[in-house]
Amino acid sequence: MIRQIKLKYQFKSFYGLYKRHKYLSRISLLLMSLVILFCIVPLPHPLFDNDYSTVVYDRDGHILRVYLNDDEQWLWPPQNEPLPHKLTQAVLHFEDRYFYWHPGVNPLSLVRAAWQNLTSGRIVSGASTVTMQVARLMQPKSRTYGHKLLEMLQAVKIECLYSKNDILTQYLNHAPYGGNIIGYRAASWRYFRKPPEQISWAEAATLAVLPNAPGLIAPQKDGAALRKKRNRLLRRLADHTVIDEETHDLAVQEPLPQAEYPFPCNAPHLADHLRVEHPGQNVFRTTIDQSLQQAVKDLADDHHQYLQTLGIPNLAVLVVDNTTGAVRAYIGSQNYFDRENKGAIDGVQALRSSGSILKPFLYALSMDAGIILPQTRIRDIPSFYHGFSPANADERYRGIVRADQALIQSLNVPAVRLLNTYGLYDFYHFLKQAGISSLFRKANAYGLPLILGGADVRLWEMAGMYRGLARNGAFEGIHCLQDENTRPKTKERPLISPGAVHLTRQILTQLKRPGSAYYWQLYGSQPLVWKTGTSYGSRDGWAIGVNPRWTIAVWTGDFDGSENANISGARCAAPLLFDIFNYLPKEQGQTKFPAPQGAFKRIDICKQTGYAAGQDCADIVRMRAPRSTRGMKRCPYHRSFFVSADSSEQVCSLCWQSGRYHKITRLIYPPAVQQFLRERGMVSTSLPLHRRSCPSLKGADVLSIIYPQPNSHLWIPKDYDGNYQKITMRAAHGQNDQQIFWYLDRQYMGRSENRHSKAFRLQKGWHELEVIDGQGRSQKVRFYANLR
């Protein structure tokens, strides 16, 4: 009996265990089926393609420009910003009031939709939740029961993988709003011309109902249907106490948008440049100040009307904040949409001949090298360097000129002579270090014309270089993006001493301003360090100026490189430079450059020549020089001589008479310098001629041939009549009213007096030119004539 009871108990226990295991197996099978189903339900990652519009903002978040995406749609890129409260409330009350409570599918909505569809005999409701609409938007499908089931499964999977806030954001970012407008941000700007954070309740309700049927009730198509849906939603919001009655009554009175507003198009050249430089990036937060950008554009537009009267079609402007290197205004051309004059070309990034705008840097570097100070006299005479002969813009020579005046007048000959002395390779290396990236040739391929516009540069890089003058010789690239990670990596390089920079700045403040700005300067206008430049052939006109706060760079010309005699930096670019400068804010204490502390030392210089005082210099002054200045050259023009007792002849140890001579000191310039000083009507000191009977007499001190140079090759072109042109030879004499006799290949060709030049017609081959003065002193050169 006991045994039977035990067996019966064991059988019941076994049967109960069996039933429990069977129940658990079914649950496990169901769970496994759900897991498998979850895994096989297709879901892209990311949910949407990254084909977004490109949006460019200014420093304060104002839109500068927006680009269509590859599908020609306005589709705003996602941004890490909270969703607008009004729009969120309107969308949830219209689309999915239980969004935060269901797992992607709302069972009550499904039952309601099934009943409505069954009683209507057609599909009138889809019971779609916001999550289900995300599933449909990410992979658009036709409206069938099979696709609806797939959307439900995808919605559940989306709910498992993403937060509610992420799902709602995805919906609002990719919902259709009519035409080619996708996403709430694009819709807010296109319909209301404002960011979605600033829309009203009526506008939020409009955006909430649009995705329901954007092709039927878009503002451009059916205003009555749209108004009805919007007002119905506003009533629902009031009924659920989201808004009060007063707000509701005001909202229903608001008009509907009647058309799409265009997006702003400010700084379009910069926007184009950023898209090219950063492919794949959709959002650019620039350093542009929209209000300043518009003001500079207005000034440029006004100035362009003047340029058009001169036949000059193009201009470009850049304004940089020196404290940070941030670009605040970027004008790439006179008009981006001016097709006739190639307005879409970006003049800020275009390569153009530099003209004279590199000269200040050469002068500053030469001060550091001990070659010059502002007072130093530089020769301005005909000069020849292996077939290259620079000329000043006015085609005149001054003989000799102070370094500061040579820079103020932008004389070409002194600049080329200075570059030859400083060193072409050293200056070329400096330009590359300072940020000029367009030097694709070697230094010797550019040669000495480099300082006169022989290389092409960009307005962008020149603005960066002049900012270096504002920062005491520390050079660092400028930038236009707020995000440091997207900027080109640049490093500050101190390339010129603060002392040399400050002396150069003082020179450049003395330039005569153009037009009315000149009279403002007389009455205490704010100082500006500035320089103009005009390229060879009058193709480019530059003007760049700096003060402690701002760098302003202006270019004018023709993008196709056409010559125009009206183009000059002073006439065409400088007036716009000062218009912009006068507009810019002037902070107290940021108008003048203070002298950098500890940047100078005092040295004795010759007052008459500006070189370090030599033993023959009588008038010596102590002047500031950059502390880094290396040993400066002694004055080469003050010299001591021995003359006869009556001072009528110059003598030496080979020809003087014992006790009948004495020593004198004079400022003596070379014959070529004296020649041009006389031509300008300037009195130059001259020495008596050396005693004619002296065996050392050669004439090199008083007589010289300026052109041609020894062993040079001359290329002789044909004239309009087909005959070869004459070549003008030039000589110089250190004495006034001296005659020079000219011999070519030992044949007498005539004489000259005071202005010593002769024109000869040459045959091909080697020739010998000889000049002889009235005292028998002579000079010779041998040269070769090539006939073209």
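Q: In this predicted model, which residue of β28 is the bridge partner of Tyr-743?

A: The bridge partner of Tyr-743 in β28 is Glu-770. Strand β25 (residues 739-744) also pairs with β26, where Tyr-743 stands opposite Tyr-748.

Q: In which sense does β25 pair with β28 and with β26, and over how many bridges?

A: Two strands are taken as paired when at least two bridges are found between them. Here β25 and β28 (residues 765-773) pair in the antiparallel sense over 5 bridges. With β26 (residues 747-753), β25 pairs in the antiparallel sense over 6 bridges. The hairpin of β25 and β26 has 2 residues between the strands, and Asp-745 takes a positive phi near 50 degrees there.

Q: Which side chains of β25 are buried, and which are not?

A: A residue counts as buried under 20% relative accessible area. Along β25 the side chains alternate: Gln-739, Phe-741 and Tyr-743 point to one face and are not buried, whereas Ile-740, Trp-742 and Leu-744 point to the other and are buried.

Q: Turning to the helices, at what angle do the axes of α2 and α6 cross?

A: Angles of 65 to 115 degrees count as roughly perpendicular. The axes of α2 (residues 85-95) and α6 (residues 164-174) cross at roughly 90 degrees and come within 12 Å, and the two helices are therefore roughly perpendicular to each other. On the α2 side, the contact is made by Leu-87, Thr-88, Val-91, Leu-92 and Glu-95; on the α6 side, by Leu-168, Tyr-171 and Leu-172.

Q: How many residues of this contact of α2 with α6 are nonpolar, polar and charged?

A: The residues of the contact comprise 6 nonpolar, 1 polar and 1 charged.

Note on methods: Residues are numbered from 1 along each chain as its sequence is written. This is a predicted model: local features need pLDDT of at least 70, side-chain atom pairs count only at pLDDT 80 or more; totals for chains, interfaces and linings use all residues. Side-chain values use heavy atoms; hydrogens and water are left out. Axes are lines fitted to C-alpha atoms, for helices over the stretch in contact, and angles run from 0 to 180 degrees between N-to-C directions. Helices (H or I, at least four residues) and strands (E, at least two) are DSSP runs, numbered from the N terminus. Angles under 35 degrees count as roughly parallel, over 145 as roughly antiparallel, 65 to 115 as roughly perpendicular and the rest as oblique. Contact means heavy atoms within 4.5 Å. Ala, Val, Leu, Ile, Met, Phe, Trp, Tyr, Cys and Pro count as nonpolar, Asp, Glu, Lys and Arg as charged, and the others, Gly among them, as polar. Buried means under 20% relative accessible area, exposed over 50%, partly exposed in between (1.4 Å probe, protein chains only).
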